[in-house]
Amino acid sequence: TSETLPWAELVTLDLSEFSQPGGKERLAKQLEHAVHHVGFFYVKNFGISQEVVDQQFTLANNVFELPESEKAKSEVDYKNADYNGWRRAGIHKYGPVKDNIEMYNFAKFTKDFEGKYHHPDLVKAHITEIETFSKALHSNVVLPLLRLFAIVLQLPDEEYLVKQHTYEKRSEDHFRYMIYHQRTAEEHEASGYGQTTGHTDLGTVTLLFRQPIAGLQILGEDGNWTYVSAQPGTITVNLADTISHITGGDLQSSVHRVVAPPKDQWGYDRTGLLYF
């Protein structure tokens with residue numbers, strides 16, 4: 001955007017330092033303020049190439065462009081609160097306007113969920129790539145962060161949180177394709193420009209790959225909202241309710257929201273890749 005916006009100042013962790021001598025301790029020191037007071041930060045150099053990330057964005061956009069009749073065969077089981085699969089836009093209303101968010105959720109790639117969900121042929125053709133990408137986010141990003149949290153918390157066992165987050169263990173972890181469809185000026189106005197009170201996420205951490213469209217905001221300790229910019233080559237990370245709960249509130253689950261982008265970005269859809 002060319003608009004002047006209040007941007008949040010967030011720390012960026014270089015995960016290539018993790019295996020260097022004294023690297024974990026340096027990163028944990030960098031992370032301290034963010035996890036206690038902000039709840040948001042960036043990570044870079046996480047061992048997944050930009051080409052692979054871009055391929056996932058391409059896949060996501062192509063999945064959302066499939067005919068509705070094909071996506072509907074993979075629709076989530078709302079009745080039984082199973083939200084893996086395709087979730088259509090327009091289910092919820094904000095004032096007089098329906099939501100503009102479409103999603104496709106992938107359960108963890110474990111024996112618990114093997115063969116449980118129907119996928120469109122496009123997804124089936126690329127399911128190995130999606131599985132590899134999802135598992136890489138868990139091993140390359142989530143587990144190192146849990147070790148850093150343990151250092152910040154001065155736990156006697158650096159693996160304490162890691163042991164509670166093994167990939168094979170049944171849990172609500174999931175990988176998501178998500179798109180905010182563009183809106184008209186009238187729809188933006190009727191929806192209040194998305195300026196809700198905000199929310200926190202349910203899990204331990206959320207990992208987010210984003211397009212450079214302004215919209216994500218975080219609520220600061222001063223009560224002001226600031227925008228989180230999309231930094232090239234990074235993942236935006238936020239702490240969520242589970243890590244806050246199991247640390248007695250010591251780590252901060254961040255309040256955030258997604259508002260309407262600036263006017264010069266109203267002509268774009270906004271795709272995201274997320275790992276919860």
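Q: A salt bridge is a side-chain nitrogen of Lys or Arg within 4 Å of a carboxyl oxygen of Asp or Glu. With which residue does Glu102 form a salt bridge?
A: In this predicted model, the partner of Glu102 is Lys71, and the closest N and O atoms of the two are 2.7 Å apart. Side chains of opposite charge can pair when their charged atoms come close.

Q: Where do Glu102 and Lys71 lie?
A: Glu102 belongs to strand 6 (residues 101-107) and Lys71 to helix 3 (residues 68-71), so this salt bridge ties together parts that are 31 residues apart in sequence.

Q: Are Glu102 and Lys71 buried or exposed?
A: Both Glu102 and Lys71 are buried.

Q: How many salt bridges does the structure hold?
A: There are twelve salt bridges in the structure. Among them is a link between the side chains of Glu158 and Lys24, at 3.1 Å from N to O. That pair joins distant parts of the chain, 134 residues apart: Glu158 sits in the loop between helix 5 and helix 6 (160-163), whereas Lys24 sits in helix 1.

Q: And how accessible are Glu158 and Lys24?
A: Glu158 has a relative accessible area of 25%, which makes it partly exposed. Lys24 also counts as partly exposed, because its relative accessibility is 23%.

Q: Which residue pairs with Lys29 in a salt bridge?
A: The side chain of Lys29 meets that of Glu32, at 3.8 Å from N to O. Both residues are in helix 1, three places apart, which is about one turn of the helix. An α-helix has 3.6 residues a turn, so residues three or four places apart point the same way.

Q: Is Lys29 buried or exposed, and what about Glu32?
A: Lys29 is exposed, given its relative accessible area of 59%. Glu32 is partly exposed, at 30% relative accessibility.

Q: Which residues are linked in a network of salt bridges?
A: Glu68, Glu75 and Arg88 are linked in such a network.

Q: Back to helix 1: what span should its residues have?
A: Helix 1 (residues 23-38) has 16 residues, and at 1.5 Å a residue they should span 22 Å. The end C-alpha atoms are 22 Å apart, so the expected span and the model agree.

Q: Where does helix 1 bend?
A: The bend is at Leu31 and comes to about 40°. Just after the helix, Gly39 takes a positive phi of about 85°.

Q: Which residues of helix 1 are buried?
A: The buried residues are Gly23, Leu27, Ala28, Leu31, Ala34 and Val35. These buried residues pack against strand 1, strand 2 (40-44), helix 5 (127-152) and strand 11 (234-239).

Q: Changing topic, how many helices and strands does the chain have?
A: The chain has eight helices and 13 strands. Its C-alpha atoms fill a box of roughly 50 × 45 × 35 Å along the principal axes.

Q: What radius of gyration would a compact globule have with 276 residues?
A: For that number of residues, the radius of gyration of a compact globule would be near 19 Å. The chain has 19 Å, so the two values agree.

Q: What share of the residues counts as buried?
A: Of the 276 residues, 48% count as buried. The accessible surface of the chain comes to about 13,900 Å², and 50% of it belongs to carbon and sulfur atoms.

Q: What about contacts along the chain, how many join residues at least 24 apart?
A: Among contacts between residues at least 6 apart in sequence, 75% join residues at least 24 apart.

Q: Where is Gly85, and is it buried or exposed?
A: Gly85 is in strand 3 (residues 85-87). Gly85 is buried, because its relative accessible area is 4% and buried means under 20%.

Q: Which residues does Gly85 touch?
A: Leaving aside residues up to four places away in sequence, Gly85 touches Ser74, Val76, Met103, Tyr104 and Asn105. The C-alpha atoms of Gly85 and Ala8 are separated by 33 Å, with their positions 77 residues apart along the chain.

Q: Last one: where is Pro6 found, and which residues does it touch?
A: Pro6 is found in the segment before strand 1 (12-14). Residues up to four places away in sequence aside, Pro6 touches Trp225, Thr226 and Tyr227. Pro6 counts as partly exposed, at 43% relative accessibility.

Key: Residues are numbered from 1 along each chain as its sequence is written. This is a predicted model: local features need pLDDT of at least 70, side-chain atom pairs count only at pLDDT 80 or more; totals for chains, interfaces and linings use all residues. Side-chain values use heavy atoms; hydrogens and water are left out. Helices (H or I, at least four residues) and strands (E, at least two) are DSSP runs, numbered from the N terminus. Buried means under 20% relative accessible area, exposed over 50%, partly exposed in between (1.4 Å probe, protein chains only). Contact means heavy atoms within 4.5 Å. The expected span of a helix is 1.5 Å times one less than its number of residues. The bend at a residue is the angle between axes fitted to the seven residues ending there and the seven starting there. The radius of gyration is taken over C-alpha atoms; the globule rule is 2.2 Å times the number of residues to the power 0.38. Accessible areas come from the Shrake-Rupley method with a 1.4 Å probe; for residues, only the protein chains shown count as cover.
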